[in-house]
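Hello,

Here is the structure I promised to pass on. Please open it next to this email, and then read through my notes below.

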Amino acid sequence: MSAGGQASLLVFGLLAGAWVDRIRRRRLLIGCDLARAIVIAVIPCAAALGELSVPLLIAVAFVIGSLSVVFGTAVVAFLPSLISPGELVEGNARLMQTTAVAQIAGPGLGGLIIETVTAPFAIVADAISYLVSAAFLARLGVQEQPVPPAEQRSIRAAIGEGLTYVGRQPLLRPSAGCAGTYNFFNAAILALQVLYLSHTLGLRPASLGLVLGAIGPGALLGAAIAVRTSRLLGVGRTMIGGLVLAGTANLRLATVVGSNLAAMLALTAATFLNGLGQPLYNINQASLRQAIVPAGMQGRVTATLTVLAGGAAPIGALAAGGCAAALGIRETLIMAALGTALSSLWLLLSPIRSLTALPTPSTMDR
């Protein structure tokens, strides 16, 4: 199911960006929520009829993943319509905090629901959550402007325009390279992390859960301090600092030896700091993109960057397996950790390093 959901990004990512830029985004968000509620309800219905199967689950995961790609792209493009440019960092921080809370509370709540009503019918709660989301979106009082007829070019031309825009824009080009590099090496770490902690270090399941779970509180704190940090250090330095912090934490994780109390504390702290660093980069990067990209290009630019970054992840995961077999797990993790930290060079060697505040489209050379 995971593969079915991830494949949808590569298949529909760029198409999603083109659709988002030619449809009113609030209407598209509501439609995605309603469609996801209907599709996911197929699982309990099939279970009740005795027709639930792995191929059906994969198909549902792919469709839900595809709709989620469109929804995620539309949310990012829709946010500048809701708030002023000066509130973008705070708005993205709130979205990241919501995600972090869901990551922390979701597994426990999901387990409780499954324990109570069994897994297939617990998914009904998920379907209801999409309906609730659609209801809240319907109540928003934002009136979006229709897409001008001149913008209704072919899908292929629209996608090409988004790719060209990212390639030529002096702040987006290094952002794309940075995100792709970080995701490549971070995917390598994620592919080997559980194996390293459980087999190389010998952590028991409870200890493993504690270490891996520390990333959620770290991300929550990172999202909470992102606005203040950006104002204090500047947008560019905060983005660079977040990457260096996350990369340093990854390196510490890869160099811990043993499974005693000191090792456990070091591992938990490293995972927490990794979670802390990522929102400092992600929130400011998203805000920078929203600030400089014209409204009619938001969907395509967001989709282009997401696909470039997301496409690097499976390649990194595959490379991790080969490197681990040839060099060893710890050695591969150390190299990947250095790679996540060095991804910040894309920003250090670009105009982003000197950004103190978010620019505007009128101040950028296109």
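**Overall picture**

Of the 366 residues in the protein chain, 45% are buried. This is a predicted model. The chain has 15 helices and zero strands. Among contacts with a separation of 6 or more, 88% join residues 24 or more positions apart.

On confidence, the chain has an average pLDDT of 86. A score of at least 70 is reached by 87% of the residues. Be careful with residues 1-5, where pLDDT stays under 50. The model has eight contacts beyond four places in sequence for that stretch.

**H9 against H12**

How do helix H9 and helix H12 pack? Their axes are 7 Å apart, at an angle of about 35°. H9 covers residues 205-213, and H12 covers residues 261-292. From H9, the residues involved are Ser207, Leu210, Val211 and Leu212. They meet Met264, Leu267, Thr268 and Thr271 of H12. By class, this contact has five nonpolar residues, three polar ones and no charged ones.

Leu212 turns up again in the contacts of Gln193. Gln193 belongs to helix H8, residues 172-200. Gln193 counts as buried because its relative accessibility is 12%, and the cut-off for buried is under 20%. Besides Leu212, Gln193 is in contact with Leu253, leaving aside neighbours within four places in sequence.

**Aromatic rings**

How many aromatic pairs does a search of the whole structure find? The search finds one. The partners are Phe184 and Phe185. Their geometry is edge-to-face, with 90° between the planes and 5.0 Å centre to centre. Are these rings' residues buried, exposed or partly exposed? Phe184 is partly exposed, at 25% relative accessibility. Phe185 is partly exposed too, also at 25%.

A further ring to look at is that of Phe71. Arg36 lies over its face, 4.4 Å from the ring centre.

**Asn250 and its partners**

Asn250 sits in helix H11, which runs over residues 235-255. Is Asn250 buried or exposed? Asn250 is buried, because its relative accessibility is 5%. Which residues does Asn250 touch, not counting those up to four places away in sequence? The list is Tyr182, Asn186, Ile189, Asn274, Ala337 and Thr340.

**Residues that meet across the sequence**

Start with Ala226, in helix H10 (residues 215-233). Ala226 has a relative accessible area of 0%, so this residue is buried. Leu280 is 54 residues away in sequence, yet the two C-alpha atoms are 5.3 Å apart. Beyond neighbours within four places, Ala226 is in contact with Val89, Leu280, Ile283 and Asn284.

Next is Gly91, in helix H5 (residues 88-117). Gly91 is also buried, at 15% relative accessibility. Its contacts outside four places in sequence are Leu79 and Ile83. Gly91 and Val227 are 136 residues apart along the chain. In space, their C-alpha atoms are 9.3 Å apart.

Ala313 lies in helix H13, residues 298-327. Is Ala313 buried or partly exposed? Ala313 counts as partly exposed because its relative accessibility is 22%, and buried needs under 20%. Asn183 is 130 residues away from Ala313 in sequence. Their C-alpha atoms are 5.3 Å apart. Ala313 is in contact with Asn183 and with Ala187, leaving aside neighbours within four places.

Last comes Asp126, in helix H6 (residues 119-138). Asp126 is partly exposed, at 32% relative accessibility. Between Asp126 and Ala41 there are 8.7 Å, C-alpha to C-alpha. Along the chain, these two residues are 85 residues apart.

**Where to look**

To find your way around, begin with the contact of H9 and H12. Then go to the edge-to-face pair of Phe184 and Phe185. After that, turn to Asn250 in H11 and to Ala226 in H10. Keep the low pLDDT of residues 1-5, under 50, in mind throughout.

Best wishes

Note on methods: Residues numbered from 1 in each chain as written. Predicted model: local features only at pLDDT ≥ 70, side-chain atom pairs only at ≥ 80, totals over all residues. Heavy atoms only, no water. Phe/Tyr/Trp six-rings, centres within 6.5 Å; stacked < 30°, edge-to-face > 60°. Buried < 20%, exposed > 50% of the residue type's maximum accessible area, 1.4 Å probe, protein only. Lys NZ or Arg CZ within 6 Å of the ring centre and 35° of its normal. Helix = DSSP H or I, 4+ residues; strand = E, 2+ residues; numbered from the N terminus. Contact = heavy atoms within 4.5 Å. pLDDT = per-residue confidence, 0-100. Axes fitted to C-alpha atoms, helices over the stretch in contact; angles between N-to-C directions. Nonpolar A, V, L, I, M, F, W, Y, C, P; charged D, E, K, R; others polar.
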